[in-house]
Amino acid sequence: MSNQLTFDVSTIDQPSSFKDERFDMIHQLYTEAKQDRLAFWNNQANQLVWQKKWTNTLMWDRPHARWFSDGILNAADNCLDAHLTTNAKKTAIIWESETGDVVHITYEELSKLVNQLANCLRADFNIQKGDRVTIYLPQTPEAAVAMLACAKIGAIHSVVFAGFSAPSLAERIKDSSSSLIITALDANRRGKRIPLLNMVHDALKQTPTPHVPVLTVNGGGENDFYSRINAQPTQCQSEPMASEDPLFMLYTSGTTGQPKGILHSTGGYLTHAKYSTKLVFDLTPSDIFWCTADVGWITGHTYVVYGPLLNGGTILMFEGTPDYPNKGRFWECIEKHRVSIFYTAPTAIRAFMKDDPSIPQQFDLSSLRLLGSVGEPINPEAWHWYYRTIGKSRCPIVDTWWQTETGGIMLTSLPGYHPMKPGVAGAPLPGLSIDVLSQDALSLQNTRGFLSVTEPWPSMTRGIWNNTERFKDIYWSTFDTYFAGDSAYKDDDNDICVIGRVDDVLNVAGHRIGTMEIESALVAHDAVAEAAVVGVHDDIKGQSIAAFVILNCNHQESPALLESLKAQVVTSISPIAKPKMVIVTPELPKTRSGKIMRRLLKQLVEKTPLGDITTLAQPDIIPIIQKKVELS
Ligand code: PRX
């Protein structure tokens, strides 16, 4: 892969309200980081409260990094206790439920809840430092409370997105060997109640530990969340954590059927979470920060919970969806809560663009001062719509590239400093080194290549839970430096535009889904002999899923069968992985060595010219599949 690209994007100046205030400060950060990178990161780590300061900034034994390793701190103390002397009565979380109820929780109240739950975890469930706790909760304050309570006692939280179904949850409980599950009786989703506790029970039956205790919000009985925590004191001794002790693990999709438990450390992760939230979003004490991501994803970890709370900010947490019960729901929330910083995904923006343009105009969006985008490339059309219609051409947009593995934002243009280029994420944050490399690890400019982080950074993943070999293989075997799995190019100003994944990982509506996971779900169906899944262009979701299946000889294609195949994926993974189309084919395009050429399937669906097909074992299968695609 090394095709020359023409690079032609418009450049938009930062709105004047940002320019003067921040330019010198950011310039200074870049200068300091360039002069002495480690001293720069020491300064950032110094913004946290440490029980014991570190002496050793970085120990690098590729691919294992240890940052601030002899330092001791606690994440919950940094997010909560650190603010209690000056900001106890400040609102930490504004929560709006799907039905429109609003709850304000101050730092003091949040800290008490966290301490009570932390005491309960220790006293009632004997959870110790290093134990894993699975959190399977809707987007409610209890999710943040549960994460922080784990952090308080040094348990490693593993949040599983509540949209995942029982088999996916089971796999994550099993792999992490969790000692406790924290869930809720049910979740609201678009007017329906999703029975989370039942899912947990189903999941546990599929694990070797079916009797793991389950603490349940609104569950009643002996393990009812509030009955248990109300019985506990509101003070709690926090666990002293070495900087390198894990803070959490979070499963993400990879190229095999098995999701990866990405591990993050305490000191390094928190350093970058605090630093990047303040720098990228210009978070100030009076801001209302709304990151729309669910806590089940890394964006929810870093920019709903840890980053804003470390900075003493006020976050809006919203349980619902953008268009329920009406298509103005997001804008209504911004108006109602006077949101000043709004961080969402391109897929949501593209969905709004398709709707009636008068909808956002009906709301007062004047409280907004900064907008953000994350999860996938934002196309220039969507960028401009976001800038004009929502930001009224006065709010800068940060297009932030990062990953579950990087822990926090890596690339973006910084408000008040860089000009913005719609569709181009931008420059590495001060302190980070990122490049676009050729297959031979040479730095490329204006040519498409592979994105790589070329120096260790504090919030880099410390590995994959229980699988060091896989960690080395995926991220560290392509180059000497960290391989991100994305293709990208760097323009004349050294700004980086991220194009998309180069592995078998799909990005559907900003969610990472492995093709192998979907293929495994399909072949588990009685009717399916073989399956191949590809991501195809989708105007709103970025990518949608097309599945090609070969049926077992005793099964016939029918509309009911196609529906049942889609349902199979939903019940074994999640509704987010549901294929848009399932195409039955007598054979798949394979090379003579038996490898499925997914590239050809993608080209057939997208109707783009087919590349080289000379390596195919059976080239005459192509017109047959082509016909099936046309008919589907
Ligand atoms: O392909 C990139 C894409 O999302 C992937 C990371 O997914 P995940 O770990 O689920 O984290 C998503 C939220 C941080 C990346 O490898 N991606 C994320 N942000 C961008 C992006 N692609 C282009 N531009 C972005 N701003």
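A residue is taken to be near a molecule when one of its heavy atoms lies within 4 Å of it, and the views below apply this criterion to the ligand of a predicted model.

**View 1. Residues around the ligand in the predicted model.** The ligand is surrounded by 17 residues, of which the closest are T400, T404, D486, R501 and R512. By class, this shell comprises 6 nonpolar, 6 polar and 5 charged residues. Helix α10 (298–310) and the strands β19 (397–400) and β26 (496–501) each contribute at least two residues to the shell.

**View 2. Polar side chains facing ligand atoms, with D399, Q403 and R512 shown.** A nitrogen atom of the ligand lies 2.8 Å from an N or O atom in the side chain of D399, while an oxygen atom of the ligand is 2.9 Å from an N or O atom in the side chain of Q403. For R512, a polar side-chain atom is found 2.7 Å from an oxygen atom of the ligand. Taken alone, the ligand would expose 540 Å², and the protein buries 95% of that area.

**View 3. The second largest pocket and its lining.** This pocket holds about 450 Å³ of space. Its lining consists of 20 residues, and those closest to the centre of the pocket are Y30, K34, A427, P428 and L432. Two or more lining residues come from each of α1 (16–35), β21 (427–428) and β22 (434–437), with α1 giving the largest share, 3 residues. The lining of the second largest pocket divides into 10 nonpolar, 4 polar and 6 charged residues.

**View 4. Helix α4 and the residue that follows it.** Helix α4, spanning residues 107–125, has 19 residues and extends 26 Å from its first C-alpha to its last, which is close to the 27 Å expected at 1.5 Å a residue. Just after α4, the backbone at N126 adopts a positive phi of about 55°.

**View 5. Backbone geometry in three loops.** Most residues other than glycine have a negative phi, and most peptide bonds are trans. In the loop between β1 (58–61) and β2 (64–67), where P63 is placed, the peptide bond from R62 to P63 is cis, with omega near 0°. A cis peptide bond also joins Y324 to P325, again with omega near 0°, and P325 belongs to the loop between β16 (314–318) and α11 (329–337). The residue D282, which is not a glycine, has a positive phi of about 55° and sits in the loop between α9 (267–281) and β15 (288–291).

Methods:
Residues numbered from 1 in each chain as written. Predicted model: local features only at pLDDT ≥ 70, side-chain atom pairs only at ≥ 80, totals over all residues. Heavy atoms only, no water. Polar contact = N/O pair within 3.5 Å; in protein donor to acceptor, adjacent residues only side chain to side chain. Areas by Shrake-Rupley, 256 points an atom, 1.4 Å probe, with all protein chains shown as cover. Helix = DSSP H or I, 4+ residues; strand = E, 2+ residues; numbered from the N terminus. Nonpolar A, V, L, I, M, F, W, Y, C, P; charged D, E, K, R; others polar. Expected span 1.5 Å × (residues − 1). 1 Å grid on protein atoms, 1.4 Å probe; cavity = no way out; pocket = protein on both sides within 12 Å on 5 of 7 lines; lining within 4 Å. Points joined across faces, edges and corners; volume = space filled by probe spheres on them.
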